[in-house]
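Student: Please bring up the model. I would like to go through it by question and answer.

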Amino acid sequence: MTTRLADIAAQAGVSEATVSRVLNGKPGVAATTRQSVLAALDVLGYERPVRLRQRSEGLVGLITPELENPIFPALAQVIGQALTRQGYTPVLATQTPGGSTEDELTEMLVDRGVAGIIYVSGLHADTTADMQRYERLRAQGVPFVLVDGFSPKVQAPFISPDDRAAMALAVTHLASLGHTRIGLALGPKRFVPVQRKIEGFVRAVQEQLGLSAETVETELVQHSLYTLEGGQAAASALMDRDCTAVVCASDMMALGAIRAARQRGLDVPKDISVVGFDDSPLIAFTDPPLTTVRKPVPAMGQAAVRTLLEEIGGTPAPHSEFVFMPELVVRGSTASAPGDRNRP
């Protein structure tokens with residue numbers, strides 16, 4: 001026990017006597033210090049004493065797409081931690097092809113009396129989907145927040161990255177490296193984030209390279225699936241059109257683009273540059289390390305929780321969209337355009 005106290009004290013940066021007071025529920029310990037000790041317990045893998053376990057304020061549902069794309073577990077982790085800190089218990093419900101639909105998961109969560117629901121990249125992002133499902137949910141008195149995707153038909157708060165600005169960052173970076181044929185690989189056009197990325201990409205290519213909007217949309221934009229294989233197929237089509245750089249709408253697609261280049265015997269970044277989107281966990285350790293546009297996941301996740309808890313607390317947010325600025329992270333998958341090696 002003494003060893004355990006010493007470990008916890010060292011981790012929390014407090015004395016063993018303070019750890020003992022917290023573990024025994026004694027008064028006279030500042031709230032921040034108490035929180036540091038409890039966090040140290042969690043980090044070191046010790047179980048909290050029963051008397052210190054927080055009573056749940058209720059369940060909050062989190063509905064995400066599949067978890068194969070590492071950006072979704074990363075967002076789920078931020079949201080789950082933020083909910084737990086506020087005393088709520090997160091319930092993760094995942095859509096998988098052939099599995100439960102968003103409507104079925106919603107019904108399951110509502111039947112279990114959740115205090116609210118956070119949707120990530122759900123049907124609200126699909127311009128062809130019926131948005132009445134969300135109005136029916138609101139009529140049931142269930143607060144909800146929608147992440148990644150916007151619809152003017154849904155009276156709810158939305159949390160989004162600035163997809164147009166993300167494309168401007170990527171195109172400006174590649175144009176500064178001398179690339180004049182820059183392609184965009186992304187998912188099906190019916191999704192709001194896809195439409196916004198196309199808008200931002202077309203505008204940036206027009207401004208940076210002077211191409212017409214029609215040329216950009218017909219020659220330099222390739223739709224596919226948000227998977228590694230989808231990125232590979234899209235990048236291959238763009239390389240057939242002489243693109244020396246490819247911007248991808250997800251890091252998974254970017255890894256597929258790198259695979260497509262290597263299958264042709266091309267080197268990344270010497271022969272072709274690749275930019276991803278998300279900055280998913282571990283993406284800095286790929287070969288080469290991926291240049292990407294970082295989605296502000298911590299800020300977006302925390303905002304989603306804060307907005308939902310305001311709704312639960314009786315202060316509904318207006319029908320508005322909170323837009324978060326992405327950031328370009330330059331690594332090893334982009335370089336000067338072929339034939340433009342003398343540029344700095």
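Student: Which residues of α12 are buried?

Tutor: Helices and strands are DSSP runs numbered from the N terminus: H or I over at least four residues for a helix, E over at least two for a strand. Buried means under 20% relative accessible area, exposed means over 50%, and partly exposed lies in between (1.4 Å probe, protein chains only). By that cut-off, the buried residues in α12 are Val 297, Met 300, Gly 301, Ala 303, Ala 304, Val 305, Thr 307, Leu 308, Leu 309 and Glu 311.

Student: What kind of model is this?

Tutor: Residues are numbered from 1 along each chain as its sequence is written, and side-chain values use heavy atoms, with hydrogens and water left out. Local features need pLDDT of at least 70 and side-chain atom pairs count only at pLDDT 80 or more, while totals for chains, interfaces and linings use all residues; the model is predicted.

Student: How far does α12 reach from its first C-alpha to its last?

Tutor: The expected span of a helix is 1.5 Å times one less than its number of residues. For the 16 residues of α12 the expected value is 22 Å, and the reach found in the model is close to it, at 22 Å.

Student: What covers the buried residues of α4?

Tutor: Helix α4 comprises residues 71-85, and its end C-alpha atoms are 21 Å apart, in agreement with the expected span. Its buried residues include Ile 71, Phe 72, Leu 75, Val 78, Ile 79 and Leu 83. Contact means heavy atoms within 4.5 Å. The cover includes β1, β2, β3, β4, β9 and α12.

Student: How many residues of strand β9 are buried?

Tutor: Two strands pair if DSSP finds at least two bridges between them. β9 pairs in the parallel sense with β8 over three bridges and with β10 over four. The strand (residues 273-278) is mostly covered, and the buried count out of its six residues is six.

Student: Which residue in β9 stands opposite Val 246?

Tutor: β8, helix α11 and β9 make a right-handed β-α-β unit; right-handed means that, with the strands pointing away from the viewer, the path from the first strand over the helix to the second runs clockwise. Toward β10, Val 275 has Thr 291 as its bridge partner. The residue of β9 opposite Val 246 is Val 274.

Student: Is Lys 197 buried or exposed?

Tutor: Lys 197 belongs to helix α8 (residues 192-209). Leaving aside residues up to four places away in sequence, Lys 197 touches Asp 163, Met 167, Leu 184, Leu 186, Ala 249 and Phe 277. Because its relative accessibility is 3%, Lys 197 counts as buried.

Student: Over which ring does the charged end of Lys 197 sit?

Tutor: A charge sits over a ring if NZ of Lys or CZ of Arg is within 6 Å of the ring centre and within 35 degrees of the ring normal. The charged end of Lys 197 is 4.1 Å from the centre of the ring in question, that of Phe 277.

Student: How many aromatic pairs does a search of the whole structure find?

Tutor: Rings of Phe, Tyr and Trp (its six-membered ring) pair if their centres lie within 6.5 Å; planes under 30 degrees apart count as stacked, over 60 as edge-to-face and the rest as tilted. On that basis, the number of aromatic pairs in the whole structure is four.

Student: What is the angle between the planes of Tyr 134 and Phe 144?

Tutor: Tyr 134 is buried at 1% relative accessible area, and Phe 144 is buried at 0%. Ring pairs also link both of them with Tyr 119 into a cluster. The Tyr 134 and Phe 144 pair is tilted, with 6.0 Å centre to centre and an angle between planes of 35°.

Student: Which residue follows Asp 287 across a cis peptide bond?

Tutor: Most residues other than glycine have a negative phi, and most peptide bonds are trans. The bond from Val 268 to Pro 269 is cis, with omega near 15°. The bond after Asp 287 is also cis, with omega about -5°, and its other residue is Pro 288.

Student: What is the relative accessible area of Leu 282?

Tutor: Leu 282 is in the loop between β9 and β10 and has a positive phi of about 75° although it is not a glycine. Leu 282 counts as exposed because its relative accessible area is 67%.
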